[in-house]
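Work through the exercises below with the model open. Try each task before reading its solution.

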Amino acid sequence: MSAWKASLTSELRKSTSTSLWWILAGGAFLYLGFMGALMGFAASVPVEEGGLGGDAMDPVALVKSVYSLPAAMGYVFPLVLGALAITGEIRHRTLTSSLVADPSRTRLLVSKVVVQGGFGALIGACSVVGVALGAVLAFAATGTDPLLGSAEVWQTFGLTVLALWLWGMVGVGFGALVTNQVASIVMILAFTQLIEPILRLALAAGGDVTSAISLYLPGAAAEALVGASIYTAIGAADLLPQWAGGLVLLAYAALFALLGRVTTLRRDLT
């Protein structure tokens, strides 16, 4: 138990010894605050006035589609932080000294997954606060009830934090697989910001079989866990049940970490 505690403490100290975690948390707060205000305003303005016509939607579904934006747009922050936790050590060759202190590579990887999951939850909390502030201001400007007294809304907030907690874990596994720091960041940005959104819409429009496949993409699984999505709000895609979405995203985290353990962490890292 003491070896696990020492490993977790070491990983926590490594992460908090740089400013990257709070820069990404602050960036997520500002980005989601802006997107919450933008989408909250657009969604609550009628089509005749240039908006998206969200006034025709169920009020709870409308606000949940906006409050869940961190799961749809903000997961890149914990994903990048998780990947950098391991690619940074490989790039700067500090992983060797970590393994000298504790030669268990499995313990090292699991500790990184646990700690980065925690930072993912922290970024998730910052994202939720940001999107809520931005959206509430936009709703106030358009006369839309933000429904902050609704239990469903607070459930969406909590599940969004849970989704970004899992994304932090996925990031570590992905970094263990793609150890080149630049390549991993480029691949994460390309997949999350371009490839998956296009692929998801294309598969959803391709028929029953391809539409079913799109439900298992990682971004779709995270939105299923939260139970709300901008894609479903506009009728462009469906979602898995919430429990299934959580299991699929957890499976991605476990699969990437396992593949990283049996490939990268079996090689000579000196």
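## Exercise 1: two loop residues with unusual phi

Leucine 147 is buried, with a relative accessible area of 19%. Buried stands for under 20% relative accessible area, exposed for over 50%, and partly exposed for what lies in between (1.4 Å probe, protein chains only). This is a predicted model: local features need pLDDT of at least 70, side-chain atom pairs count only at pLDDT 80 or more, and totals for chains, interfaces and linings use all residues. Residues are numbered from 1 along each chain as its sequence is written, and side-chain values use heavy atoms, with hydrogens and water left out.

Task: locate leucine 147 and state its phi.

Solution. Step one: leucine 147 lies in the loop between H7 and H8. Helices are DSSP runs (H or I, at least four residues), as are strands (E, at least two), numbered from the N terminus. Step two: the phi of leucine 147 is positive, about 55°, although the residue is not a glycine. Most residues other than glycine have a negative phi.

Task: is arginine 93 buried or exposed?

Solution. Step one: find arginine 93 in the loop between H5 and helix H6 (95-101). Step two: read its relative accessible area, 66%, so arginine 93 is exposed. Step three: check phi, which is near 60° for arginine 93, a positive value in a residue other than glycine.

## Exercise 2: H3 and its two partners

Task: classify the packing of H3 against H8.

Solution. Step one: take helix H3 (residues 59-67) and helix H8 (residues 151-177); they pack at about 20°, with axes 10 Å apart. Axes are lines fitted to C-alpha atoms, for helices over the stretch in contact, and angles run from 0 to 180 degrees between N-to-C directions. Step two: H3 and H8 are therefore roughly parallel to each other. The classes are roughly parallel under 35 degrees, roughly antiparallel over 145, roughly perpendicular from 65 to 115, and oblique for the rest. Step three: H3 passes H8 in a right-handed crossing. Right-handed means that the near helix is turned clockwise from the far one by less than a right angle; left-handed means anticlockwise. Step four: list the contact, meaning heavy atoms within 4.5 Å. Val60, Val63, Lys64 and Tyr67 of H3 meet Glu152, Val153, Thr156, Phe157 and Thr160 of H8. Step five: sort these residues into five nonpolar, two polar and two charged. Here Ala, Val, Leu, Ile, Met, Phe, Trp, Tyr, Cys and Pro count as nonpolar, Asp, Glu, Lys and Arg as charged, and the others, Gly among them, as polar.

Task: repeat this for H3 and H7.

Solution. Step one: the axes of H3 and helix H7 (residues 105-142) come within 9 Å and cross at roughly 135°. Step two: that makes H3 oblique to H7. Step three: Val63, Val66 and Tyr67 in H3 meet Val131, Ala132, Ala135, Val136 and Phe139 in H7. Step four: this contact of H3 with H7 has eight nonpolar, no polar and no charged residues.

Task: which residues does serine 65 touch, leaving aside its neighbours within four places in sequence?

Solution. Serine 65 sits in helix H3. At 3% relative accessibility, serine 65 counts as buried. With those neighbours left aside, its contacts are Ala228, Ser229 and Ala233.

## Exercise 3: H9 and its buried residues

Task: describe how H5 and H9 pack.

Solution. Step one: the axes of helix H5 (residues 76-91) and H9 come within 9 Å and cross at roughly 165°. Step two: H5 and H9 are therefore roughly antiparallel to each other. Step three: H5 passes H9 in a right-handed crossing. Step four: the H5 side of the contact includes Val76, Leu79, Val80 and Ala83, and the H9 side includes Ser184, Ile185 and Ile188. Step five: the residues of this contact divide into eight nonpolar, six polar and one charged.

Task: place isoleucine 188.

Solution. Isoleucine 188 is in helix H9 (residues 181-204). At 3% relative accessibility, isoleucine 188 counts as buried. Isoleucine 188 and valine 80 are 108 residues apart in sequence, yet 7.2 Å apart in space, C-alpha to C-alpha.

Task: do the same for arginine 200.

Solution. Arginine 200 is also found in helix H9. At 2% relative accessibility, arginine 200 counts as buried. Beyond its neighbours within four places in sequence, arginine 200 has contacts including Glu223, Ser229 and Tyr231.
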